[in-house]
Amino acid sequence: MLRLGKMSAFSPGNGCPILARSVRKSGIPRKHVACDFLSLGLLLATVALLSGCRLDMHAQPRQNPLSRSDFFPDQRSERPPVEGTVARGQLHEDAYFYTGKTGSTPGDYMPFAVTKEVLERGRERFNIYCSPCHSRIGDGNGFIPSRGFARKPPSFHIERLQKAPLGYFYDVMTNGFGIMPDYASQIPPLDRWKIVAYIRALQLSQNATRADVPAGQTVPSEPPKFRDQPGSGATLPVIDSETTSHSEEHQ
């Protein structure tokens with residue numbers, strides 16, 4: 001520290017010269033300037049050394065995937081999952097819902113009630129994923145076979161597939177069959193079951209008899225009545241609801 005009054009030209013504490021007021025007025029010796037530069041250099045070197053010793057989490061020791069590790073007895077760095085571990089969202093307690101099988105045998109019942117909404121959703125998914133090969137009525141004459149595909153898919157209306165259990169169709173969609181790939185990644189389990197329900201509806205619609213028609217309905221159904229013209233490519237047809245409703249009442 002700078003003392004008032006007379007002061008020695010040298011500080012006994014650090015060995016560096018501290019000039020008295022009378023000396024400082026006359027000029028600063030080179031020895032004092034060199035000592036300041038030396039202190040500044042030591043300070044900068046210390047800061048650089050400490051900054052180089054910083055260790056972040058991204059720079060911690062690690063093993064490359066599938067590399068050898070001497071830490072574990074089997075020398076594998078990749079550790080197997082703990083026995084009984086289930087990934088999030090993969091706890092499939094209802095085995096039939098996710099496999100369509102009871103044990104190793106395909107089941108023949110729906111895991112939930114079939115409603116109109118279920119069939120509408122099944123028809124929508126069927127037309128997107130299945131109809132390109134199987135066609136919209138399920139006879140195997142879809143767009144892809146019509147363009148020269150070597151293996152035509154079988155019709156859903158043959159006797160073998162009419163008698164096939166519901167779980168069979170679910171299993172084929174889940175795991176594939178022959179040259180047909182699986183659709184497990186594109187279609188979730190719930191939608192797969194809805195497609196199964198719609199396939200059964202298709203089979204019934206293409207192979208129904210007059211005995212299957214509810215009482216009061218005609219086969220084929222009466223065509224709709226239009227008000228003026230059925231419409232053109234630029235206009236939509238307008239159904240005459242009054243005439244149509246009267247004809248349905250007389251059936």
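**A tour of the largest pocket and the aromatic pairs**

Select helix 4 to begin, because in this predicted model this helix gives the largest share of the lining of the largest pocket, namely five residues. The pocket itself has a volume of about 590 Å³, and 25 residues line it, those closest to its centre being H134, P153, P154, F177 and M180. Next add helix 6 (159-162) and helix 7 (166-175) to the selection, since these two, together with helix 4 (116-134), are the elements that give two or more residues to the lining. If you then colour the lining by residue class, it divides into 20 nonpolar, two polar and three charged residues.

Turn now to the aromatic rings, of which the structure holds eleven pairs. Select Y96 and W193, whose rings form a tilted pair with a centre-to-centre distance of 5.3 Å and an angle of 35° between the planes. Y96 belongs to helix 3 (residues 95-99) and W193 to helix 8 (residues 189-207), so this pair ties together parts that are 97 residues apart in sequence. With a relative accessible area of 7%, Y96 is buried, and W193, at 0% relative accessibility, counts as buried too.

For the next stop, select F126, F156, Y168, F169, F177 and Y198, which ring pairs link into a cluster; F177 is also one of the residues closest to the centre of the largest pocket.

Finish with F72 and R79, where a charged side chain meets a ring: R79 lies over the face of F72, at 4.0 Å from the ring centre.

Note on methods. Residues numbered from 1 in each chain as written. Predicted model: local features only at pLDDT ≥ 70, side-chain atom pairs only at ≥ 80, totals over all residues. Heavy atoms only, no water. 1 Å grid on protein atoms, 1.4 Å probe; cavity = no way out; pocket = protein on both sides within 12 Å on 5 of 7 lines; lining within 4 Å. Points joined across faces, edges and corners; volume = space filled by probe spheres on them. Helix = DSSP H or I, 4+ residues; strand = E, 2+ residues; numbered from the N terminus. Nonpolar A, V, L, I, M, F, W, Y, C, P; charged D, E, K, R; others polar. Phe/Tyr/Trp six-rings, centres within 6.5 Å; stacked < 30°, edge-to-face > 60°. Buried < 20%, exposed > 50% of the residue type's maximum accessible area, 1.4 Å probe, protein only. Lys NZ or Arg CZ within 6 Å of the ring centre and 35° of its normal.
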